Amino acid sequence: MKNIVITGGAGFIGSHVVRLFVNKYPQYNIINLDKLTYAGNLANLKDIEDKPNYKFVKMDICDFEAFYQLMQDEKIDGIIHLAAESHVDRSIKDPFTFARTNVMGTLSLLQAAKLYWESLPEKYEGKRFYHISTDEVYGALKMNHPEGIEPPFKTVASSEGHKAYGDDFFYETTKYNPHSPYSAAKASSDHFVRAYHDTYGMPTIVTNCSNNYGPYQFPEKLIPLFINNIRHRKPLPVYGKGENVRDWLYVEDHARAIDLIFHEGKIAETYNIGGFNEWKNIDLIMVMIKTVDRILGNPEGASLDLITYVTDRLGHDARYAIDSTKLQKELGWEPSLQFEEGIEKTVRWYLDNQEWMDNITSGEYEKYYEEMYKGR
Ligand code: NAD
Ligand code: TYD
């Protein structure tokens, strides 16, 4: 493979994948295809934008004709598909946009790739369509150990004393059971990708990853939102009781997994990606408060008064926890960072990159945020 399109490359995870591929593979032509929605930001890629093996194309993944043309013009061999509407709260307000982009956009890419690859003498030989999905498609796990138990797995990503909050985990074989419009749309797109393999023989791969954190995440998501709000002494809106559990992975570890799976993963397989690193929201929020206060030189606990319990998210999934044993055993991937190191790096990055944050949080987005949180 030589000519590779990465969709959604101007977003959070996509920008880390683009950066990794552009720096690691000078022999590839990397095309970052992105519509630049509110979540897309070319400032995420300033450090690599002048590299000779990098090109940005502004395009909507729903534009079938334009993408089919691009496949032909650029002789695309590989697609790594990350473009999506990605925020659960927005999906609750506006599910149509999620169906359009996540379902129809993915289908449009699949169909264009099919037409182009089937027109070549070698057909699907050496081609690959790699779809990035989420663990949220599996639904929600039970919290049958609300106080936490010793986890059955130990990996680098989990810190000393970390806990599991239930007996069960998401496996590659877990039945899909999405609850939010976001996860329902992602689940649908996953099914279409697998259908293109099963029906037409397209070489596809799907991976399902847990919650990512790290630099360049849009500040409507929990971690960057709270770091920024602590800094500005704004309220920290904790949904419900803050008891929901998420499984966190440092974004560069996800990008490394994507690189490995794109090159060495088996066609038609699914791989779960995660670091066995479960956190109750409220415990994670305490870590963020402690870390930001320490770095800013505030007295310990100075920002605790910002915690504000607000109306819960509709249909709020109780617990996500990924079992990534298959990826670790079959392809030898493992996370590189412990959560304490990762969160320290992340907090420092947001505090050191206030201009990046201010460019996003001023203007249009500020109005949206006020509206979103009004009356919560
Ligand atoms: P993001 O919202 O930060 O970025 C999405 C990118 O897609 C943006 O650059 C946006 O401009 C682009 N985009 C949106 N609609 C588009 C369209 N119609 N055409 C072209 N580009 C479009 O999202 P993210 O957090 O980086 O997530 C990337 C992918 O990874 C998504 O598919 C998401 O479902 C998946 N994922 C995310 C997480 C997570 O924790 N963030 C975890 C697992 C999987
Ligand atoms: P989020 O970052 O939106 O990711 P996801 O919903 O895809 O897991 O939210 C992470 C968790 O934090 C989730 O349980 C919802 C909760 N949350 C809050 O309590 N307050 C907030 O302001 C946000 C954005 C999220």
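## Ligand 1 and its polar contacts

An oxygen atom of ligand 1 sits 3.0 Å from a polar backbone atom of Phe12, a polar contact in the sense of two N or O atoms within 3.5 Å (within protein, one must be able to donate a hydrogen and the other to accept it, and residues adjacent in sequence count only if both atoms are side-chain atoms). Thr37 does likewise, with a polar backbone atom 3.0 Å from an oxygen atom of ligand 1. For Asn212, a backbone N or O atom lies 2.8 Å from an oxygen atom of the ligand. On its own, ligand 1 would expose 840 Å², and the protein buries 96% of that; these accessible areas come from the Shrake-Rupley method with a 1.4 Å probe, and for residues only the protein chains shown count as cover.

This is a predicted model, where local features need pLDDT of at least 70 and side-chain atom pairs count only at pLDDT 80 or more, while totals for chains, interfaces and linings use all residues. As for bookkeeping, residues are numbered from 1 along each chain as its sequence is written, chains are lettered from A and ligands numbered from 1 in the order in which they are written, and side-chain values use heavy atoms, leaving out hydrogens and water.

## The shell around ligand 1

Ligand 1 has 29 residues around it, the closest being Ile13, Asp34, Ser86, Tyr182 and Lys186; to be near, a residue needs a heavy atom within 4 Å. By class, that shell holds 13 nonpolar, eleven polar and five charged residues. Here Ala, Val, Leu, Ile, Met, Phe, Trp, Tyr, Cys and Pro count as nonpolar, Asp, Glu, Lys and Arg as charged, and the others, Gly among them, as polar.

β5 gives the largest share of the shell, three residues. Helices (H or I, at least four residues) and strands (E, at least two) are DSSP runs, numbered from the N terminus.

## Ligand 2

Around ligand 2 there are 19 residues, and Glu136, Pro237, Arg246, Arg313 and His316 come nearest. Side chains do the work in these polar contacts: an N or O atom of His316 is 2.7 Å from an oxygen atom of ligand 2, a polar atom of Arg246 is at 2.8 Å, and Asn281 brings an N or O atom to 2.9 Å. Taken alone, ligand 2 exposes 510 Å², of which the protein buries 98%.

The shell splits into nine nonpolar, five polar and five charged residues. Both α6 (222–231) and β8 (236–239) supply at least two residues to it.

## Helix α6 and strand β4

α6 is largely enclosed by the rest of the structure, because eight of its ten residues are buried, that is, under 20% relative accessible area (exposed is over 50%, partly exposed in between; 1.4 Å probe, protein chains only). Among them are Ile223, Phe226 and Asn229. Just after α6, Arg233 takes a positive phi of about 50 degrees.

β4 (residues 78–81) is covered on both faces, with Gly78 and Ile80 buried on one side and Ile79 and His81 on the other. It runs parallel to β1 (residues 3–7), joined by four bridges, and parallel to β5 (residues 128–134), again through four bridges; strands pair if DSSP finds at least two bridges between them. Gly78 is the bridge partner of Ile4 and also stands opposite Arg128 in β5.

## The whole chain

The protein chain has twelve helices and twelve strands, and 57% of its 376 residues count as buried. Its radius of gyration is 20 Å, which agrees with the value near 21 Å for a compact globule of 376 residues; this is taken over C-alpha atoms, and the globule rule is 2.2 Å times the number of residues to the power 0.38.
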